[in-house]
Amino acid sequence: MRILVIIFALLATAFSAQAHQLSTAYLTLEQDNNATLSGNWQLQLSDLYPLMADKGIVLDTNQDGNLTWREITNQQAAIQAQLLNQLTFEQGGRRCNMTVAGNMMLESHANLPYLWLPLAVNCPSAAGLSLSYQAMFDINTGHKLIVNISQSEQSINRILDTSNRSLAVNMQSSAMGETAREYLYQGIVHILIGTDHILFLLALLLTCVLYRDKQQWKGIDSPKSILLSTTWIITAFTLAHSITLTATALNWLPSSRWVEFIIALSVLFAALNNIFPLITKLGWVTFGFGLLHGMGFASVLGELGLPSSHTLLAVVAFNLGVELGQLSILLIALPVLMLVRHQWRYQRWFMPLGSACIALVALQWSIERF
């Protein structure tokens, strides 16, 4: 029982986290036959503000809590100088010349405002280029830079983060293996930090080891029955979100701003259903909610970006990563729940109280996302 308490205590400390709001920047460049790269770097305004503040540059000069375009342009020279220090291209240990190639503009990704900075990079030759990126990592360890560098029919698409801050630019190397590894890793990371998906799974698992008898929850004696029931529920969830994740990421289905709100409602329903059971056979209900969770996964994949040359591979790898992360949660939680399923304290107290905590978190998310 102590293990369960610790798990829920850890989740409670993170309950206000917004599972799908990432700190993501985009670097898009095109390389010509020489060593010249031209394109743009896009950074969220919500990231620009703390990054400049960390460098001693105050953007919100009237201190009204709102960052305006005039306040940004008033500090244009300082902003550009600081940003160019955070991103470097090198060749043979020598730094390439990088300049701002035009005016800054505002852009939008996932309905969030971004600063659009045009760049030009000139190096002595096209061989042996390397990219290093430092912005935001000391402020936000969850920050990511989506890098897309293209040349004719070839492209490199990589994700830089706090544990991987550099990239060797080699257009001649095969990108398939690296792309698969990168998006597999991102899929695993997302499910493990996606609090709403974790709580939805936990809400389902809490009663997978129980059955309803005379309006009371009791422990299922047969481990085989528990495994069969759990397998059916997890399979339904996996199949459903795999379908919509793939379809939405490939633009076969339109995305909707209501998805995150309905995902929060699905967590709320799963938790309340443990306390006031309306549906005891959860397979088809889980499948239906899984379709919505898949669209939520796809929104994150959309923020991360997809490589133009290996789009389907990236989607499949990300999906597989999500499944591996989900399996790790199952392998940790289910054995613990099976050990305590016959204890009256679990049946009468911990399961209802744990479900109530999940419901309260989901209710807050529902209000925030409405």
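In which crossing, left-handed or right-handed, does helix 8 pass helix 11? The crossing is left-handed, a term for a near helix turned anticlockwise from the far one by less than a right angle. The model is predicted: local features need pLDDT of at least 70, side-chain atom pairs count only at pLDDT 80 or more, and totals for chains, interfaces and linings use all residues. Residues are numbered from 1 along each chain as its sequence is written, and side-chain values use heavy atoms, without hydrogens and water.

Helix 8 spans residues 259–275 and helix 11 residues 344–369. Their axes come within 8 Å and cross at roughly 160°. Helix 8 is therefore roughly antiparallel to helix 11 (angles over 145 degrees). Contact (heavy atoms within 4.5 Å) involves residues including Phe261, Leu265 and Leu268 of helix 8 and Met351, Ile358 and Trp365 of helix 11. By class, this contact has 17 nonpolar, 3 polar and 2 charged residues.

Helix 2 (residues 45–54) packs against helix 4 (residues 76–86) at an angle of about 90°. Their axes lie 11 Å apart. The two helices are therefore roughly perpendicular (65 to 115 degrees). Leu48, Leu51 and Met52 of helix 2 meet Ile79, Gln82 and Leu83 of helix 4. These residues divide into 5 nonpolar, 1 polar and no charged.

Helix 4 has buried residues (under 20% relative accessible area, 1.4 Å probe, protein chains only): Ile79, Gln80, Leu83, Leu84 and Gln86. They cover an arc of only 150° around the axis, so they sit on the same side of helix 4. The arc is taken from the directions from the helix axis to the C-beta atoms.

Technical notes: Axes fitted to C-alpha atoms, helices over the stretch in contact; angles between N-to-C directions. Helix = DSSP H or I, 4+ residues; strand = E, 2+ residues; numbered from the N terminus. Parallel < 35°, antiparallel > 145°, perpendicular 65-115°, else oblique. Nonpolar A, V, L, I, M, F, W, Y, C, P; charged D, E, K, R; others polar. Buried < 20%, exposed > 50% of the residue type's maximum accessible area, 1.4 Å probe, protein only.
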